[in-house]
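Me: I would like to learn how to read strands and helices in a model. Can we go through one together?

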Amino acid sequence: MNATATTAAAQLARFAAELQFSDIPEPVLQKTEDLWIDWFGSAVAGHNARPVQCITRFALAMGPQDGPSEVIGDTRTTSPYAAAMANAAASHVVEQDDVHNGSVFHPATVVFSPAVAVAQALGASGRDLLTAVVAGYEVGIRVGEFLGRSHYRIFHTTGTAGTLAAAAAVGRLLGLDAAQMLHAFGSAGTQSAGLWEFLRTAADSKQLHTAHAAGAGLMAAYLAKDGFTGAADIFCGPQGLAAGMSTDANPAKLTDGLGTRWATAETSFKWHASCRHTHPAADALLQVMQLNQLQAGDIAQVVTHVHQGAIDVLGPVVDPSTVHQSKFSMGTVLALAARHGFAGLTEFDNDFRAEATMALRDKVSMELDPEVDGAYPQRWIGKVTVTTNDGRVFKGRVDEPKGDPGNTLSRAELTDKALRLGAFSNAVAAERMEKSVAAAWQVRDWPRVGTLLAR
């Protein structure tokens, strides 16, 4: 066994087990509240999606159909396990949930979903919930960074690192000690899963990735609480995560700045309702169009200068057949942004197969750019070259896409986004959503985490 790696795993487990609300700096707490509102909006918006309904029906059929935990957007309550699965699927499907650049990981869907379900079951306070969530973010982000770029080429990090993040958040709520938390990590890591192959055929697997990660991490924490043991070196053991899922794993990332570097605060929000790999180029294209007063019909060609991760994930999607698959099409996203000024939920639903969208989509290409690739994943630079029908050539560049920490969303923008998500497809009545969001902003003062969506 690698002693250094084992020590890193133990340090990470101890941090998650012993984190206190008072340890978390105020700016990090405020960012966590922002992330909470963002997650809630995504969960509400996604609960009616067909794949989510499949997972919800399964979760409720496995039971119980009555319990302490809320299935957001449903009148029924259930066990923490079933609710965590349903809400994790819902909060990821509309592609509006947060992302951490350096780990290429969507923390909210696999952290808030199980943490809220367990907090409701335990009668935990809002401060307990926020503390657990920060533990989950800090662990999940570091695991994603540890697994590296080679992992992401094949594996969906939110499904793999997300299992550990869920275990950390739930374990903190359950009061696991450091040894138990390490066992929870072992059990979570051995269940890590999620492959990108689904994108080629527009399969529903991405929602299963988050549902499974939330449920498996929750299960790992509960099992550890009951004395169930897990691998002591699940990260770097000879047959651990690094051995099976990475060629560039870096054990130092597991404990990078624990307690001083708050990775939670580095998390970005999504503005466009699409895969984050499309956002830098979309913002750069919009910049070119605004500065040069171009219309979508003026564009003859767009070359996006991207990192290899964008090519790996988006490259297989050539002719998207579903709304969800179209969110992984660089051409579709840029076409919608060019036509509407924003690639939002309604724009995708109404226009992703429109003749004008597909015509512009086919004028967009991706090229590997050494500068962009070298900066990734710490920085997601957007660079485009736009050629117009009359032969003019313009170049655009965005160093921080809208939603990144240096170009973040204000609380007013986050509230507006959540309300817009709530209104999507008539998911929730406006008054009900406004009341729910207003209450959710007060989470740290809640003596007990109750129902989130106002009745």
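Me: In the hairpin of strand 5 and strand 6, which residue takes a positive phi?

Reply: Keep in mind that this is a predicted model. The residue is G391, with a phi near 90°. The hairpin has 4 residues between the strands.

Me: How do I read the pairing on either side of that hairpin?

Reply: Start with the general idea. Strands of a sheet pair through backbone hydrogen bonds, either parallel or antiparallel. Here, strand 5 and strand 6 run antiparallel and are joined by 6 bridges. One pair to look at is G382, whose bridge partner in strand 6 is V398.

Me: What does strand 5 (residues 382–388) do with strand 3 (residues 299–306)?

Reply: They pair in the antiparallel sense, over 6 bridges. Find V302 and you will see V386 of strand 5 opposite.

Me: In what order do the strands of the open sheet lie?

Reply: The order is 4-3-5-6, and the pairing of these 4 strands is mixed. Strand 4 (364–368) and strand 6 (393–398) are the edges, each pairing on one side only. From one strand to the next, the twist averages 20°.

Me: Which side chains of strand 6 are buried, and which are not?

Reply: Read along the strand and they alternate. F394, G396 and V398 point to one face and are buried. V393, K395 and R397 point to the other face and are not buried.

Me: Which strands does helix 11 lie across?

Reply: Helix 11 (residues 279–291) crosses strand 3, strand 5 and strand 6. Its direction is at about 130° to strand 6. Helix 14 (residues 330–340) also packs on the sheet, touching strand 3 and strand 4. Helix 14 makes about 125° with strand 3.

Me: Now a helix. How do I find its buried face?

Reply: An α-helix has 3.6 residues a turn, so residues three or four places apart point the same way. Try helix 3 (residues 50–62), which has 13 residues. P51, V52, I55, T56, A59 and L60 are buried there. Seen down the axis, the buried residues fall within an arc of 160°, so they line one face of helix 3.

Me: What do the buried residues of helix 3 pack against?

Reply: Their partners are helix 2 (26–46), strand 2 (77–78), helix 4 (80–93) and helix 9 (205–225).

Me: Which exposed residues sit on the face of helix 3 turned away from its buried side?

Reply: R50, R57 and A61.

Me: What follows helix 3?

Reply: G63 does, with a positive phi near 90°.

Definitions and conventions: Residues are numbered from 1 along each chain as its sequence is written. This is a predicted model: local features need pLDDT of at least 70, side-chain atom pairs count only at pLDDT 80 or more; totals for chains, interfaces and linings use all residues. Side-chain values use heavy atoms; hydrogens and water are left out. Two strands pair if DSSP finds at least two bridges between them. Helices (H or I, at least four residues) and strands (E, at least two) are DSSP runs, numbered from the N terminus. Axes are lines fitted to C-alpha atoms, for helices over the stretch in contact, and angles run from 0 to 180 degrees between N-to-C directions. Contact means heavy atoms within 4.5 Å. Buried means under 20% relative accessible area, exposed over 50%, partly exposed in between (1.4 Å probe, protein chains only). The expected span of a helix is 1.5 Å times one less than its number of residues. The arc is that of the directions from the helix axis to the C-beta atoms.
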